[in-house]
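Welcome! Have a look at the structure below, and then we can walk through it together in a few questions and answers.

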Amino acid sequence: MTTASPQASGWSPLGHLGKPTGAHSAHSGKFHKDALPLRVSFDVLETMKSNSLAAYPGEGCGFLLGTDGPEGRVIRQAIEVDNAAGEDQLRRFQMSPLDFLKAERSAAREGLEVLGIFHSHPDHRAIPSTHDLHGALPHLSYVILAADGSGSAPEVVEVRSWQLDTERIFSEETLLSHRTPSQSH
Amino acid sequence: MNSIIIPTPLRKFTGGAGLFESTADSVKGLLDDLVSAHEGLRQHLFDNDGDLRSFIRVYVGDEDIHELDGTATALTGNTEVSIIPAIAGGIA
């Protein structure tokens, strides 16, 4: 059996999108080389990036809905939600249980699954923190966007995806997206 | 019979089942029966002290058990309980 390479079908790996941020998270994580890649459409990537920039200097967050098949997960929809962390949202995010229920119901209506979440790390690397680990579920993809505010306007400089394994350790998964909108259609 | 609804990400531990049923007469009993039947769920629902993880919310009908008697909340039979994650994190 042959499988078209991700690049051949227009999928490109994400990671550093510009200059890396200087600050580092406490949790280093590891790369899960055998994991299937996570694919996010151009539109989903743009939604996550605009959410992260709009929330800056706070943390933005949302749910990722898609399909899970033999070639990995494909995220087709991003649902932005309010950060319920209140005054702590400069360094924390909190997704309300009600928003989780709504996302699950929306996914069921669309024939999709809640496969992941995204959130931003303002002025920090796109690496899971200790706090991310404490409030995480296994088998969800955790897309983290590093938003850097050192320039004249904040920009997203790094996008990476992680999954918590059954031993509650985060491993990185390959994150693929399209560079232009036309490739997503 | 009381039932508990499992959120999608945790159904990997229940063989895909979204519903678990038990005759337990309290939330604690129902959760204990659930993790005994599906041991892989235990560490994701409970911390090392055996307490429910803080981001795991349990609802009896439409009410958070924190507004009731916590895990001691009694179940009268044919009650629907839901496990709903309140996913959280942050840089510091």
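**Getting to know the model**

Q: What average pLDDT does chain A have?
A: This is a predicted model, and it helps to begin with its confidence. In chain A, 83% of the residues score at least 70. The average pLDDT of chain A is 85.

Q: Over which residues of chain A, with 28 contacts beyond near neighbours in sequence, is the pLDDT below 50?
A: Where pLDDT is low, the predicted coordinates should not be read in detail. One such stretch, with pLDDT under 50, is residues 1–6 of chain A, which has five contacts beyond four places in sequence. The stretch with 28 contacts in the model, also below 50, is residues 19–28.

Q: Which element gives the largest share of the side of chain A that touches chain B?
A: Here 29 residues of chain A are in contact with 19 residues of chain B. Among the elements that give two or more residues to this side of chain A are helix 2 (97–110) and strand 7 (113–122). The largest share, five residues, comes from strand 7 of chain A.

Q: Which residue of chain B stands opposite A:Phe93?
A: Strand 6 of chain A pairs with strand 6 (residues 88–89) of chain B in the antiparallel sense, over two bridges. In that strand of chain B, the residue opposite A:Phe93 is B:Gly89.

Q: In strand 5 of chain B, what is the bridge partner of B:Ile4?
A: B:Ile4 is on the covered face of strand 1 of chain B, and B:Ile4 stands opposite B:Phe20 in strand 2. Strand 1 also runs parallel to strand 5 (residues 80–85), joined by three bridges. There, the partner of B:Ile4 is B:Val81.

Methods: Residues numbered from 1 in each chain as written. Chains lettered and ligands numbered in written order. Predicted model: local features only at pLDDT ≥ 70, side-chain atom pairs only at ≥ 80, totals over all residues. pLDDT = per-residue confidence, 0-100. Contact = placed C-beta atoms within 7 Å. Helix = DSSP H or I, 4+ residues; strand = E, 2+ residues; numbered from the N terminus. Pairing = 2+ DSSP bridges. Buried ≥ 20, exposed ≤ 12 C-beta atoms within 10 Å, placed from the backbone.
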